[in-house]
Structure formats: C-alpha cells, structure tokens
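Welcome, and thanks for loading the model into your viewer. Let's take a short walk through it, one selection at a time.

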Amino acid sequence: MSGAQAGPTSFHEFWPIYVSQHLNAACRRMHFAGTGLAMVCLVASPVCPLALLAAPVVGYGMAWIGHFAFERNRPASWHSLRAAVWSFRGDLRMFRYMLLGRMTGELGRAGVVAVASKV
C-alpha cells in the first residue's frame, strides 16, 4: 500500500484539524450564531414542533455559509460520517469556547493563526 496518511482516530486528534478549518473570525461567528439559533429552535420545539426541523437547517446553513463565503473551504462534516459526528461535537466545543472567550487560545494551541475579518 502507498504511504497514504490515515485520518484522525479520535476526537482529540480531530480537534486541531477542526480548529485549522475555522481560521476566519467571520466563519467562527457564523458557526456561533447558527449553533445558538439551533439551540433556540430546540428549546422552542415543544411549543412549535416545526422548530425542531428548523434547528439543523439554521445551524448547518449558517455554518456552511461561513465556510463558503469567508473561510473558502469545504466543511469538515462533508468528509465522512465520522467527521460529521466529530464536527458536530467540534461546533459545540467551539460555541462554548467562544462564549467563554477561549477560542483564540485554541487557535494558538492548534498551531494556526487566526484571520481577521472585515465583516
């Protein structure tokens, strides 16, 4: 077999890759807004059941717009089922870190440099 490099085998290995795919501040803000709105949809779903259907559309829709419009890369969730599950987990971690003001530090720990956004 050729020297093809295997992908990450754990979320711990995946996290720095995930972080490196979110260098643009506007992309991260789109993720934050989409995740936050998806959470609002989940909370509203007992009163408005259609909100349950809207949650993934809003959450992923905003994140994907962030990737295409600002980051200019393909969302990690499109690479494989495992990457999709880990990306969802990464979205939740990034949301929490952004809420706590810790995401910039994560970029540094991952060995990447953030890109400022004019948006």
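In which helix is Ser87 found? Select residues 81-100: this is helix α4, and Ser87 is found there. Keep in mind as you click around that this is a predicted model.

**Stop one: Ser87.** Is this residue buried or exposed? Ser87 has a relative accessible area of 4%, which is under the 20% cut-off, so Ser87 counts as buried. Now show its neighbours: leaving aside residues up to four places away in sequence, Ser87 touches Phe14, Tyr18, Ala76 and Ser77.

**Stop two: the cavity.** Turn on a cavity display next. The structure holds one cavity of 30 Å³ or more, and the volume of the largest cavity is about 80 Å³. To see its lining, select Tyr18, His22, His31, Tyr60, Ala63, Trp64, His67, Pro75, Ala76, Ser77, Ser87 and Asp91. Ser87 from the previous stop is on that list, and so are its contacts Tyr18, Ala76 and Ser77. Colour the lining by class and you will find six nonpolar residues, five polar and one charged. Which helix gives the largest share of this lining? That is α3, with four residues; α3 and α4 each supply at least two.

**Stop three: α2 and α3.** Stay with α3 (residues 50-71) and add α2 (residues 25-44): their axes come within 8 Å and cross at roughly 175 degrees. That angle is over 145 degrees, so α2 runs roughly antiparallel to α3. Colour this contact by class too, and it shows 18 nonpolar, five polar and one charged residues.

Methods. Residues are numbered from 1 along each chain as its sequence is written. This is a predicted model: local features need pLDDT of at least 70, side-chain atom pairs count only at pLDDT 80 or more; totals for chains, interfaces and linings use all residues. Side-chain values use heavy atoms; hydrogens and water are left out. Axes are lines fitted to C-alpha atoms, for helices over the stretch in contact, and angles run from 0 to 180 degrees between N-to-C directions. Angles under 35 degrees count as roughly parallel, over 145 as roughly antiparallel, 65 to 115 as roughly perpendicular and the rest as oblique. Ala, Val, Leu, Ile, Met, Phe, Trp, Tyr, Cys and Pro count as nonpolar, Asp, Glu, Lys and Arg as charged, and the others, Gly among them, as polar. Buried means under 20% relative accessible area, exposed over 50%, partly exposed in between (1.4 Å probe, protein chains only). Contact means heavy atoms within 4.5 Å. On a 1 Å grid over the protein atoms alone, a cavity is a set of points where a 1.4 Å probe fits but cannot get out, and a pocket is an open set with protein on both sides within 12 Å along at least five of seven lines; lining residues have an atom within 4 Å of a point. Grid points are joined across faces, edges and corners, and a volume is the space filled by probe spheres set on the points.
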